[in-house]
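Got your viewer open? Let's take a short walk through this one together, one selection at a time.

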Amino acid sequence: MSFGWSLFVIALTSLNILACAWLINWSSKMNIGDGETTGHIWDGDIVEGNNSLPRWWLGLFWITIIFGCGFLVAYPSFGDFSLLKWDQISQYEEEIAAAEAVYGEVFAEFAATPLDELKNNPAALSAGRNLFANNCSTCHGSDARGARGFPNLADAEWQWGGDPDQILTTIRSGRTGIMPPFGAALDDATRQLLADYVLSLAGREVDAERVAAGEQQFRTFCFACHGLTGEGSTLLGGLALNNEIWRHGSGRSIILDVITNGRNGAMPAQEPLLGADRTHVLAAYVLSLSDED
Ligand code: HEC
Ligand code: HEC
C-alpha cells in the first residue's frame, strides 16, 4: 500500500470510529422520559415504551469500540501501521517452512530414488496418493481414471508416453495437445469421410469404399500426429485412434465435432507449484497405478 492509500485508510477508519462514538454518546444523552410511552398502540392495549438504552447495553458498544481501536493498532488494518507486525502472508510462509523442515528431508530422499524403484515403495506411494488427491484429482478423478477430456492415468494407454522419464516430464512441465480444427480447411463430406475412417481404425464396421477413400485423406492431413495406422504419437500428443479408448467421446457426432472444431487439452505444469521432489513422488505414484492393471 502506498503512503497515500495508507493515510486514506487510517483517516477513513478513524472517522468511522469517531462517528460511532459520537452516535452512542448522543443517543445516551437524549432526554427521554423513562416510563412514558411513544403513543403507539397496537391491538387496543399494547403500548410502546420510550425508555433510555440500558447501561449494560451501551457499555457493550463502548467495549466494542475500545476493542476495535486495540485491534486496529495491533493488526494490519490501520493503513500500513501495525504494532505486532503480523500479516497472513508471513504466517503462511512460516507454516510452509515449518512443514518443509519436517517433510522436506523425506521428499528429498524419495527424490534421490529412481522412479522404477520408488514406484514399489509403500511410504512414497502413500505420500503420492495424498499429493494426487490434493493436486490432481479435480481433473483426473480421485481414482485417476479420468473423465471426458481428461486422461485415465490408471491404464496402460499414454498420450505423451508411459516411460518414467516421459511421465515425469509431463507432470513437471505440463503438456498441451493441439488437435487443429479442420472445419475451415476441409469440406463437410471429407470430414464425414474422416470420421468414418477414424471409426474403422477403432475396429467399427464401416463401408470398405469409404474406408479406402478416408485412408487417403487421413494420410494427407492426419498421419503426422496420429501415425499412419492411427497408432498415435507420444511426441506430439496425437492420441492413438486404433482402439476404443476415447478422450472426448466415442460417438460419431463427437468425433466429427473434434475434427471440425479441434481440441486443446492442457495439462498444467506442476513443478512451479509443487517443486522437483514432490513431482518425482507423483510420477512414481502414477507409474504404480498402471502397473496394477
Ligand atoms: C497437429 C497434430 C494433429 C493433427 C494434424 C491431427 N490431430 Fe487429431 N489430435 C491431435 C491431438 C494432440 C489430439 C488430442 C487433443 C487433446 O489434447 O485433447 C487429437 C485428438 C483427435 C481425436 C480425438 C480422439 C479421442 O480419443 O477422443 C480425433 C478423433 C482426431 N484427433 C482425429 C484427427 C483427424 C481425423 C485428423 C486429420 C483430419 C487429425 N486428428 C489431425 C493432434 C492432431
Ligand atoms: C486442470 C486440470 C488438470 C490438473 C490439475 C492435472 N492434470 Fe494432468 N492432464 C490434464 C489434461 C487435460 C491432460 C491431457 C493433456 C493433453 O490433452 O495433451 C493431462 C495429462 C496428464 C498426463 C499424461 C497422460 C498421458 O496419457 O500421457 C499425466 C501423467 C498427468 N496428466 C498427470 C497429472 C498429475 C500427476 C497431476 C497432479 C499433480 C495432474 N495431472 C494435474 C489435466 C490436468
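Which element gives the largest share of the shell around ligand 1? Keep that in mind as you click, and remember that this is a predicted model.

**Stop 1: ligand 1.** Select ligand 1 and show what surrounds it: you should get 25 residues, with M179, C222, C225, H226 and H248 as the closest. Now zoom in on H226, where an N or O atom of the side chain sits 2.8 Å from a nitrogen atom of ligand 1. Next, pick R247: a polar backbone atom there is 2.7 Å from an oxygen atom of the ligand. G265 also uses its backbone, with an N or O atom 3.1 Å from an oxygen atom of ligand 1.

Time to colour by element. α8 (188-201), α10 (223-226) and α11 (252-261) are the ones that give two or more residues to this shell. And the answer to the opening puzzle is α11, with three residues. Colour by class instead and you'll find 17 nonpolar, seven polar and one charged.

**Stop 2: ligand 2.** Hop over to ligand 2, which has 24 residues around it; C136, C139, H140, Q159 and M267 are the closest. Select W160 to find a polar backbone atom 2.8 Å from an oxygen atom of the ligand. Then try R247 again: this time an N or O atom of its side chain is 3.4 Å from an oxygen atom of ligand 2. Elements giving two or more residues here are α6 (137-140), α7 (164-173), β4 (266-267) and α12 (271-291). Last click: the classes in this shell are 13 nonpolar, nine polar and two charged.

Technical notes. Residues numbered from 1 in each chain as written. Chains lettered and ligands numbered in written order. Predicted model: local features only at pLDDT ≥ 70, side-chain atom pairs only at ≥ 80, totals over all residues. Heavy atoms only, no water. Near = heavy atom within 4 Å. Polar contact = N/O pair within 3.5 Å; in protein donor to acceptor, adjacent residues only side chain to side chain. Helix = DSSP H or I, 4+ residues; strand = E, 2+ residues; numbered from the N terminus. Nonpolar A, V, L, I, M, F, W, Y, C, P; charged D, E, K, R; others polar.
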